[in-house]
Amino acid sequence: NSCQSTSASITVSLTTPPAVLLNTTTSFPGNTFCEGENVDFEATPIVGASYEYEIGLGGRVAVGSSSFTIPYAQLAGSATVTVYVTTGSCVSTDMIFVEENVISDAGTITGTQTICSGDTPLNLTSTSTGAASGTISYIWERQAVTQNAVADPWTRTAVTSTSYSFTGTISESTRFRRVPISALNGNSCEG
């Protein structure tokens with residue numbers, strides 16, 4: 001004759017963690033950023049959840065909400081960013097790759113000259129083109145030499161070619177520069 005007894009039952013409940021998506025904001029198309037830019041991220045907002053991010057395998061950093069900013073110095077070049085969203089005892093994750101749109105070389109121009117009033121300057125020419133992560137283009141800017149080249153604003157011209165061709169005279173001594181623009185993944189950065 002056998003006797004048997006069973007314990008009271010216990011329940012193991014299964015909770016499905018919410019799906020989470022991590023993106024950069026619309027200010028960073030194609031998850032691409034320019035030199036010096038801090039990058040804004042947005043994860044799926046979940047009421048009561050806590051948020052952390054991790055760059056590569058560098059350790060988690062707690063943030064106060066589903067939107068957060070990572071400083072440029074931590075992302076320079078490129079990085080994989082993972083978000084960890086904790087709800088109760090469950091953790092949901094998502095990751096994205098962000099890339100810097102680097103202008104590694106602005107290129108060089110030549111054409112410094114002294115002319116007489118009323119004369120048309122010789123063209124300013126490209127001695128080397130720039131180099132960048134993306135497709136490079138240019139915009140030329142001008143500034144009177146009486147202004148401070150660093151502190152005062154430059155005026156954009158309509159010239160977008162590698163060289164600058166004059167169609168007439170200039171009214172004052174003027175400095176010119178060629179600004180490289182790199183287009184990568186829908187994001188344009190200037191050198």
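In the predicted model, threonine 32 occupies a place in strand β2, which spans residues 32-34. Its relative accessible area is 0%, so threonine 32 is classed as buried. Beyond the neighbours within four places in sequence, threonine 32 is in contact with Glu99, Asn101, Leu184, Asn185 and Asn187. With one of these residues, asparagine 185, threonine 32 shares a side-chain to side-chain polar contact of 2.9 Å. With respect to aspartate 94, which lies 62 residues away along the chain, the C-alpha separation of threonine 32 is 18 Å.

Asparagine 185, the polar partner of threonine 32, is located in the loop between β15 (174-184) and β16 (187-190). Asparagine 185 has a relative accessible area of 42% and is therefore partly exposed, as this value falls between the limits of 20% and 50%. Its backbone has a positive phi of about 55°, although the residue is not a glycine. Most residues other than glycine have a negative phi. A positive phi of about 55° is also found at asparagine 31, likewise not a glycine. Asparagine 31 belongs to the loop between β1 (22-24) and β2. With a relative accessible area of 23%, asparagine 31 is partly exposed.

Aromatic pairing was examined next. The count of aromatic pairs comes to seven. One of them joins phenylalanine 33 and tyrosine 72 in an edge-to-face arrangement, with a centre-to-centre distance of 6.2 Å and an angle of 75° between the planes. This pair links distant parts of the chain, as phenylalanine 33 lies in strand β2 and tyrosine 72 in helix α1 (residues 72-75), 39 residues apart. Phenylalanine 33 and tyrosine 72 are both buried. The pair formed by tyrosine 53 and phenylalanine 68 is stacked, because the ring centres are 5.2 Å apart and the planes meet at 5°, under the 30 degrees required for this class. Here too distant parts of the chain are linked: tyrosine 53 is in strand β4 (residues 50-55) and phenylalanine 68 in strand β6 (residues 67-70), with their positions 15 residues apart in the numbering. Both tyrosine 53 and phenylalanine 68 are buried. Elsewhere, ring pairs connect Trp140, Tyr164, Phe166 and Phe176 into a cluster.

Aromatic faces are also approached by arginine side chains. Arginine 60 is positioned over the face of tyrosine 84, at 3.5 Å from the ring centre. Arginine 178 lies over the face of tyrosine 138, with a distance of 4.2 Å from the ring centre.

Tyrosine 72, described above as a partner of phenylalanine 33, also engages glutamate 100. The side chains of glutamate 100 and tyrosine 72 make a polar contact of 2.9 Å. Glutamate 100 lies in strand β8 (residues 90-101). Although glutamate 100 is buried, it has no salt bridge, and the nearest side chain of opposite charge, that of arginine 156, is 17 Å away. When neighbours within four places in sequence are set aside, the contacts of glutamate 100 comprise Phe33, Cys34, Glu35, Tyr72, Ala76, Gly77, Ser133 and Leu184. Both members of the edge-to-face pair, phenylalanine 33 and tyrosine 72, are thus named among the contacts of glutamate 100. Leu184 is listed for glutamate 100 and also for threonine 32.

Threonine 82 is placed in strand β7 (residues 78-87). The relative accessible area of threonine 82 is 7%, under the limit of 20%, and the residue is therefore buried. Residues up to four places away in sequence excluded, threonine 82 touches Leu22, Glu52, Tyr53, Glu54, Thr93, Asp94 and Met95. These contacts include Tyr53, the stacking partner of phenylalanine 68.

Serine 126 is situated in strand β11 (residues 125-128). Its relative accessible area is 23%, so serine 126 is partly exposed. The side chain of serine 126 reaches the backbone oxygen of serine 128 at a distance of 3.3 Å. Not counting residues up to four places away in sequence, serine 126 touches Thr108, Ile109, Thr162, Ser163 and Arg178. Among them, Arg178 is the residue that lies over the face of tyrosine 138. Between serine 126 and threonine 15, which are 111 residues apart along the chain, the C-alpha separation is 64 Å.

Technical notes: Residues numbered from 1 in each chain as written. Predicted model: local features only at pLDDT ≥ 70, side-chain atom pairs only at ≥ 80, totals over all residues. Heavy atoms only, no water. Helix = DSSP H or I, 4+ residues; strand = E, 2+ residues; numbered from the N terminus. Buried < 20%, exposed > 50% of the residue type's maximum accessible area, 1.4 Å probe, protein only. Contact = heavy atoms within 4.5 Å. Polar contact = N/O pair within 3.5 Å; in protein donor to acceptor, adjacent residues only side chain to side chain. Phe/Tyr/Trp six-rings, centres within 6.5 Å; stacked < 30°, edge-to-face > 60°. Lys NZ or Arg CZ within 6 Å of the ring centre and 35° of its normal. Lys, Arg positive; Asp, Glu negative; His and termini not counted. Salt bridge = Lys/Arg side-chain N within 4 Å of Asp/Glu carboxyl O.
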